[in-house]
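Please read the following report alongside the sequence and the model. It begins with one local detail and then widens to the chains and their pairing.

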2 protein chains.
Amino acid sequence: MKKLHSLYLFAVIISFPFNALCQSDEDMLKIIFDETLKNGHSYEMLDYLSNEIGGRLSGSPEAAAAVEWSRQEMIKLGFDTVFLQEVMVPHWVRGKKEIVRIVNSDRMGTIDLAACALGNSVGTGDQGLAANIIEVDGIESLKKLDKKKIEGKIVFFNRRMDPTRVNTFAAYGEAVDQRVYGASEAAALGAVAVVVRSMASNDDDIPHTGTLIYKEGVKQIPAFALSTNSANLLSKSLKAQQGLKLYLEAHCKMLPDVLSYNVVGEIKGSAKPNEYIIVGGHLDSWDLGDGAHDDGAGCVQSIEAVRVLKNVGYKPYHSIRAVMFMNEENGLRGGVRYAELAKQNNEKHLVAIESDRGGFTPKGFTLTGSETARAKLISWKPLFEPYGIYDFNKPGGGADISPLEEQGTALIGFLPDSQRYFNLHHTTADTFDKIDKRELELGAASMAALVYLIDKYGIDGKN
Amino acid sequence: MKKLHSLYLFAVIISFPFNALCQSDEDMLKIIFDETLKNGHSYEMLDYLSNEIGGRLSGSPEAAAAVEWSRQEMIKLGFDTVFLQEVMVPHWVRGKKEIVRIVNSDRMGTIDLAACALGNSVGTGDQGLAANIIEVDGIESLKKLDKKKIEGKIVFFNRRMDPTRVNTFAAYGEAVDQRVYGASEAAALGAVAVVVRSMASNDDDIPHTGTLIYKEGVKQIPAFALSTNSANLLSKSLKAQQGLKLYLEAHCKMLPDVLSYNVVGEIKGSAKPNEYIIVGGHLDSWDLGDGAHDDGAGCVQSIEAVRVLKNVGYKPYHSIRAVMFMNEENGLRGGVRYAELAKQNNEKHLVAIESDRGGFTPKGFTLTGSETARAKLISWKPLFEPYGIYDFNKPGGGADISPLEEQGTALIGFLPDSQRYFNLHHTTADTFDKIDKRELELGAASMAALVYLIDKYGIDGKN
């Protein structure tokens, strides 16, 4: 009888989730962080994604390679299920190198500025275009001008990101309307093209691309980013010489939509397999760099978060997914598709976590959710403080996960240090050599730790 | 009468310290951070110190240039007094490139390892030296061995920095005894030389130099750092082949002491001019890189902290000094000299702040001081939180300021993010391109803000 009893107890122990019986939360977080820092896979994965595959704009062969790579990677790591979700994505191509040239400087003659076309921009045609320039401090300033001053001109949006904003994403948010909507606002007033100061924290020679959105019913005009140094030079030159002209040339165009995929890797939940906690990033990137920080980092951290939980032997109650979203940069089609399918398949998504602010030292997590969820998130702060992670009280989520909000999913954004991000965001400088291994790993570990806590305790008070 | 009253009031206002009358502390911190982020000088100063002067080991011409540069810089910025403090410093020179070579690998023949001499090491002589190798995990492991196993051998210290330590300085502290004392411990047991695994967070091909201290009465033997990759290769090769030999060559030597200087820039206090708050870094660096992070950053942040307070119109009660200490890296003579002179001149030093952990995103400040001082420091945390600075409860100070402790000075260490520091510390990779302007500036601003608060409220409860 005694023997039988022991055997029964043993059976209970091995079938019971790992964490509940054996570990305090403090110990479990230590196990998670140690595994990530000692045996981490994220840096190696990102090396491959960045250096072997490289920039992977939606619709490109590289984006297709990234889909297949991440599918294989999650199979290799032994996730329970790995599958693709079909999604049609836009296919914009940059074409040969753009030209933005001051053609008649009294002082310097002809000067090529450091520039690139904005994403989704139409081209100029092979003949290019030349026109006078009018500088404005943003869309509001533009709208105050007499239409006659704008007609036939190139509008130069030159509002800088506010350097006194400690959160650089706030500075970005205040300045980025020029890039997204400037072209249509200017076209509506008769402009022939726009050049926009790069959304950059620093002064240098690297132009930052990024999406623009054309308003329906407004003429689509070409749009370019200037490096901050070039914007400064152009502004100074305009002050010295009213009749300054720019010659613009871009060969970009929008091709027909292409079939692509979200890539999902899943560990099945032991108690509530049809309730999901997801952790994701976006697999597409701009074409100029290799997209190491935006958002290769978020992808490999998401895969790593699930791998770590699996490898330390944690058996989740809920199903856990790593999701590689497609097409965040210029369409958000993958995020929208993911939410559609979740609804269609009656999958209850408790929480979606996104990492899309670069692979820097973690500071905390932002939340879009109920007050109960916020209180719960904040209650975990003491568990994270030994890892230098302390910021749990800011609103926010992530672009790809935002379509899940209407299904009642709590949205959580991974919040790393933001000081270096806008030196490289959407540029040729967003490359793997800018990744610090430990910073990347600490982010992955913090995401795994948060998934563990949510899985164990729930977060919206209803689990 | 009314007019006279107004005039009197006006006189009171202009003679009264700026902060006390006009600004809340929240506003004053905002003014300090905004000035630093909008009109900062630190990045430009560090560019000069790193790129024009470069590596500046004590006793070198570059160290002399750094003294003269910082003196001129603080005069240009209009500090009330700028002066030098004489100090004799050691003068160690590396000589031509070192050789650490596996000479008899069965599998690979001859292999040059990535290595450099440790600072203060003796050379091998032109003939070099060759011997068998014994690998140990640290000084404790070495001491457990039979002396016969060590005699005539090269001791290879191969304990790695613990990657699971989130605070990389803790991992450094646990491993660095091999580098500092390994040579004498090995020599005492009959070893002919030591090679030491670099104090590095990552695996790469860059050796990290750093000071060693020879024990009196023990034979001085040559000591080298191996890059982490080279240490891994050597360890693996030793496992495969017992009789492996290394050939070592180093041409370094210690020359006679040289006259050098601490450089001090001062703003006179309005109420207590003979009571001091100092903020400093060390002007010397190792010779391999340009010392941008270690500790050019600390120097320019210290100058900038004083500049900012001056430029926003703050009139301190106490005298404020920016101190560029000489010879932190291989002697600490400048720090010792500064404390001697403070005592000799009856200067009461309330607080000494040092920045010597790199120019990364600020996280907080460490303290060596009374419980009253700690409580005060922690009470200011809410003022710093809007700037992402939250860590005020750890012990610590700084090497250069440590000799002031016995005079009752509270010691404060600037605490930035530590994840990247030990990728570049004491190496050819510690160069200006690794500096982020915003990170550097946020550090300088946080130091200025702390000086302001200490000046206004005191910190040890007795001011």
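Asp295(A) is found in helix α11 (residues 292–311) of chain A, where helices (H or I, at least four residues) and strands (E, at least two) are DSSP runs, numbered from the N terminus. A cis peptide bond, with omega of about 5°, joins Asp294(A) and Asp295(A). In chain B the peptide bond from Asp294(B) to Asp295(B) is likewise cis, with omega near 5°, and Asp295(B) is found in helix α10 of that chain. As background, most residues other than glycine have a negative phi, and most peptide bonds are trans.

This is a predicted model, in which local features need pLDDT of at least 70 and side-chain atom pairs count only at pLDDT 80 or more, while totals for chains, interfaces and linings use all residues. Residues are numbered from 1 along each chain as its sequence is written, and chains are lettered from A and ligands numbered from 1 in the order in which they are written.

Helix α10 of chain B (residues 292–311) has 20 residues, but its end C-alpha atoms are only 25 Å apart, short of the 28 Å that a straight helix would reach at 1.5 Å a residue; the expected span is 1.5 Å times one less than the number of residues. Of the 20 residues in α10(B), 18 are buried, and the helix is thus mostly covered. Here a residue is buried if 20 or more other C-beta atoms lie within 10 Å of its own, exposed if 12 or fewer, and partly exposed in between, with C-beta atoms placed from the backbone. Just after α10(B), Gly313(B) takes a positive phi of about 85°.

Two residues other than glycine also have a positive phi, and they are set side by side here.

| Residue | Phi | Place | C-beta atoms within 10 Å |
|---|---|---|---|
| His426(A) | near 65° | loop between α15 (421–424) and α16 (437–457) of chain A | 29 other C-beta atoms, buried |
| Leu332(B) | about 65° | loop between β12 (318–325) and α11 (333–344) of chain B | 19 other C-beta atoms, partly exposed |

Where does Ser50(B) lie? Its place is in helix α4 (residues 42–53) of chain B, and Ser50(B) counts as buried because it has 26 C-beta neighbours inside 10 Å. Not counting residues up to four places away in sequence, Ser50(B) touches Asp290(B), Gly291(B), Ala292(B), Gly296(B), Thr431(B) and Phe432(B); two residues are in contact if their C-beta atoms, placed from the backbone, lie within 7 Å. Ser50(B) and Asn202(B), by comparison, are 152 residues apart in sequence and 24 Å apart in space, C-alpha to C-alpha.

Turning to a whole chain, there are 16 helices and 16 strands in chain A. The radius of gyration of chain A is 24 Å, close to the 23 Å that the globule rule gives for 463 residues, so the chain is as compact as a globular protein of that length; this radius is taken over C-alpha atoms, and the rule is 2.2 Å times the number of residues to the power 0.38. Along its principal axes the C-alpha trace of chain A spans about 100 × 40 × 35 Å. Buried residues make up 55% of the 463 residues in chain A, and residues 24 or more positions apart account for 82% of its contacts with a separation of 6 or more.

Confidence is described by pLDDT, the predictor's confidence in each residue, from 0 to 100. Chain A averages a pLDDT of 95, and 95% of the residues score at least 70. Over residues 6–17 of chain A, however, the pLDDT is below 50, and beyond near neighbours in sequence this stretch has five contacts in the model. For the complex, the predictor gives an ipTM of 0.92 and a pTM of 0.94.

How do the two chains meet, and which elements take part? In the model, 23 residues of chain B are in contact with 23 residues of chain A. The elements that give two or more residues to the side of chain B that touches chain A are α3 (25–39) and α15 (437–457) of chain B. The residues on this side divide into eight nonpolar, six polar and nine charged, where Ala, Val, Leu, Ile, Met, Phe, Trp, Tyr, Cys and Pro count as nonpolar, Asp, Glu, Lys and Arg as charged, and the others, Gly among them, as polar.

Chain B can be laid on chain A with an RMSD of 0.0 Å by a turn of 180° and a shift of 0.0 Å along the axis, copies being superposed by least squares on the C-alpha atoms of residues with pLDDT of at least 70 in both. The two copies are therefore related as by a two-fold rotation axis. In chain B, the C-alpha nearest the axis is that of Tyr390(B), 3.9 Å from it. The same surface serves both copies, as 100% of the contact residues of chain B recur in chain A.
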